[in-house]
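This briefing goes through the ligand surroundings, the empty spaces and the aromatic contacts of the structure shown below, in that order.

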Amino acid sequence: MIALTRREFHLFQAAGRDFLYLVPSAAVFALDEATSAVLRVVVESPQPEEAVLRALADRFDVRTVRGAVAELLQVRAIGYEHQPEEQAPRVLPMMPFPLSTMVLNVTNQCNLACTYCYEYGEDKIVDTEHGKQSKFMSEDTARASVDFLLAESSRIAHLTFFGGETLLNFPVLKSTIVYARNRAAELGKEIDFSLTTNATLLRPEIIDFLAENRIGVTISIDGPRELQNRFRVFHNGAGSYDVVAPKIKELLRKHRSRPIGARVTLTSDTIDVTRIYRHLTEEMGFWEVGFAPVTTSPNQQYAIGESGFDRMLGQFNALAQDFLDHVVANRHHGFSNVKDTLEEIHKGVSKAYPCGAGLGLLGVSTDGDVAVCHRFAGSDAHKLGTVREGIDRGAQAAFLEQHHIADKTDCSRCWARPLCSGGCYHEAHVRYGSTRRPNLHYCEWIRGWTDTCLKIYGELSERNPDFLARFDRDEAKAEAVL
Ligand code: SF4
Ligand code: SF4
C-alpha cells in the first residue's frame, strides 16, 4: 500500500489550534481537529491511508478521516511517498520589468559620523571621500533621473531621496520634486515622494515644504539619548540626540499629512527594543518604528552575534505580543516590522528575490550611475548603467539570473524562504564578499521571527480578521488608482 508522507510546511499553534504555513504556496492553512490529527500521524512516520484510519479509529469516523486526508492532499501538506515532491519552476521575471521605485543618493556626504555606517566605515563599497563620484547630485542629474524613472515606470512611480544626509542637498531635492510632479502630470502618471534623514538639518521652511508636499519621511534614530549618542555622533564625536530631538518634535507636530516613521539600527550594544520603541512612540510621537540589525562584517565589536540575535528575537517577540494585544483591542500599534511581515503573509508573498533591488527598485549615485539599489550606487563593480544612457538590460537580466532563490542551495530546504529568500544583497556582500551568498549568519533569527509573525497572523485570523482584511482593501485601493 502506498504510504502518505509529509510535504514542505511549517506547523505552528495559535488561538488554540494548529496552523500550517505551506512553503511552496506560501499559504496559511488552519487545521481542524481531524486534519490536525491526521497530519500528526503522517508526520510521525509515513503511513498508508488505511493505517491512518486505524490509528484514529477511536477518535474520528472513517468519513471524517478520509475527508481530512483528501484536504491535506489537496493543499499539498501531504503527498504519496512514491510521487516526488513537485519543485517550484524557476521562473525569471519578464524583462523589461517596470521600475516602481528609484532611490536617489542626492549626496554621499554626511554631517554625522555614525560609527557603524556602511558608507564610511571599513565596510564601505564606494569611496565617498576620495572617489570619483561627485559629493552632491546636480539638478541636471536629478532631472535626468526623474525622466528615467518616468520612462521606465508604469502608472505610479516612487521617488525616494537618500544620502549621505539627504537634507544637505535640500535645494536639489526641492526643485526635483517640483520638476517630477510637473513631468508626471504631463505624462499622465502619478509620482510619490519620500526621504530618509538624520533630522539634524530640519528647520521650519524644510518642515513646511515636507508637510505641504506630502513627502513621506523616515527618520534614522536609535532611541533615547544615551542609545542615540552611542553611535550617532557628529564628526567631533558629540552625540546628536539633543540636536535632533526638538527638531523631530517640531516635524511631528507640523507634518500631519502622512504618518512619520523612525528607523532604528540595532547593534550588539544597543539591543533594547521595547525601551527604544516606547521612547520613540510615547515620548517623541512617532507613528511607527522599524528596527534593523546593523549591517557589518562580523569582526566589528558592535556586530550582532548569535547570542545578540537570540536577545533581539526575545525582545521582538515581547513587542510583537504588545502589538497583538493592541490590534485585538482595535488600537494602533506602530511596530512596523510585524505589520510589514503580516502583510506579506496575508498576501501569500513568495519571493524569488529578497527585495526589489535590481527588479522594481534601482539606486542612483550622485553622478547618475544606476545600480541595483542605493547601497551599491556609485560602485563600478555594481553599475548597471546611467540615467542618461539607460541601463544594460543584459547586465540586469544576468543579475536576476544569478540571484534567484532556486540557486541558493542552502535555502532550498528552509521553510522561511518564501519570505526571506536569502536576505539583503548588501549584507551578504559585507559579510561574505558576494551578493550571491545567502545570509546564513541570521537564519535562526529569521526563522524565529517568521514563526512569531505566523503565530500573530493565526491569532488575528481568529480574533480580529478585519485587521488582516485591511491589507486587501489597501491593495484594492492601490489597484483602483492603477
Ligand atoms: S538565508 Fe537562511 S533563513 Fe533565509 S531562506 Fe536562506 S536558509 Fe532560510
Ligand atoms: S539589497 Fe539590501 S539594502 Fe538594497 S534594497 Fe535590498 S534589502 Fe535594501
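In this predicted model, ligand 2 is surrounded by Cys-355, Ala-357, Cys-373, Arg-375, Cys-424, Tyr-425 and His-426. Sorted by class, the shell around ligand 2 holds 5 nonpolar, 1 polar and 1 charged residues. The shell of ligand 1, two enclosed or open spaces and a set of aromatic pairs are taken up in the points that follow.

**Ligand 1**

- The residues around ligand 1 are Asp-410, Cys-411, Cys-414, Arg-417, Cys-420, Gly-422, Cys-443, Ile-446 and Arg-447, and the elements that contribute two or more of them are α13, covering 417-420, and α15, covering 443-463.
- Of the elements that take part in the shell around ligand 1, α15 gives the most, with 3 residues.
- By class, the shell around ligand 1 comprises 5 nonpolar, 1 polar and 3 charged residues.

**Pocket and cavities**

- The second largest pocket holds about 590 Å³ of space, and among the 24 residues that line this pocket, those closest to its centre are Gln-87, Ala-88, Pro-89, Ile-405 and Arg-417.
- Arg-417 therefore appears in two settings, since this residue belongs to the shell around ligand 1 and also to the lining of the second largest pocket, where the classes are 10 nonpolar, 5 polar and 9 charged residues.- The count of cavities of 30 Å³ or more comes to 2, and the second largest of them has about 30 Å³ of space.
- The second largest cavity is lined by Phe-97, Leu-99, Phe-148, Glu-152, Leu-359, Leu-362, Ile-391, Arg-393 and Gln-396, with α4 (139-152) and α12 (393-402) each supplying at least two residues of this lining.
- Divided by class, the lining of the second largest cavity has 6 nonpolar, 1 polar and 2 charged residues.

**Aromatic pairs**

- A pair of aromatic rings is described by the distance of the centres and the angle of the planes.
- Across the whole structure, 17 aromatic pairs are found; in one of them, the ring centres of Phe-316 and Trp-449 are 5.0 Å apart and the planes stand at 85 degrees, which is over 60 degrees, so the pair counts as edge-to-face.
- Because Phe-316 belongs to helix α10 (residues 306-328) and Trp-449 to helix α15, this pair ties together parts that lie 133 residues apart in sequence.
- Phe-316 and Trp-449 are both buried.
- Trp-449 also pairs with Phe-335, where the ring centres are 5.7 Å apart and the planes are at 50 degrees, so this pair is tilted.
- Since Phe-335 lies in the loop between α10 and α11 (336-346) and Trp-449 in helix α15, the pair ties together parts that are 114 residues apart in sequence.
- How buried are Phe-335 and Trp-449 in terms of relative accessibility? Phe-335 has a relative accessible area of 0% and is buried, while Trp-449, at 8% relative accessibility, counts as buried because the cut-off is under 20%.
- Phe-316, Phe-335 and Trp-449 are members of one aromatic cluster, which also includes Phe-291, Phe-309, Tyr-442 and Trp-445.

**Charges over rings**

- The charged end of Arg-6 is placed over the ring of Phe-9, at 4.0 Å from the centre of that ring.
- Arg-17 lies over the face of Phe-19, with a distance of 5.9 Å from the ring centre.

Technical notes
Residues numbered from 1 in each chain as written. Chains lettered and ligands numbered in written order. Predicted model: local features only at pLDDT ≥ 70, side-chain atom pairs only at ≥ 80, totals over all residues. Heavy atoms only, no water. Near = heavy atom within 4 Å. Nonpolar A, V, L, I, M, F, W, Y, C, P; charged D, E, K, R; others polar. Helix = DSSP H or I, 4+ residues; strand = E, 2+ residues; numbered from the N terminus. 1 Å grid on protein atoms, 1.4 Å probe; cavity = no way out; pocket = protein on both sides within 12 Å on 5 of 7 lines; lining within 4 Å. Points joined across faces, edges and corners; volume = space filled by probe spheres on them. Phe/Tyr/Trp six-rings, centres within 6.5 Å; stacked < 30°, edge-to-face > 60°. Buried < 20%, exposed > 50% of the residue type's maximum accessible area, 1.4 Å probe, protein only. Lys NZ or Arg CZ within 6 Å of the ring centre and 35° of its normal.
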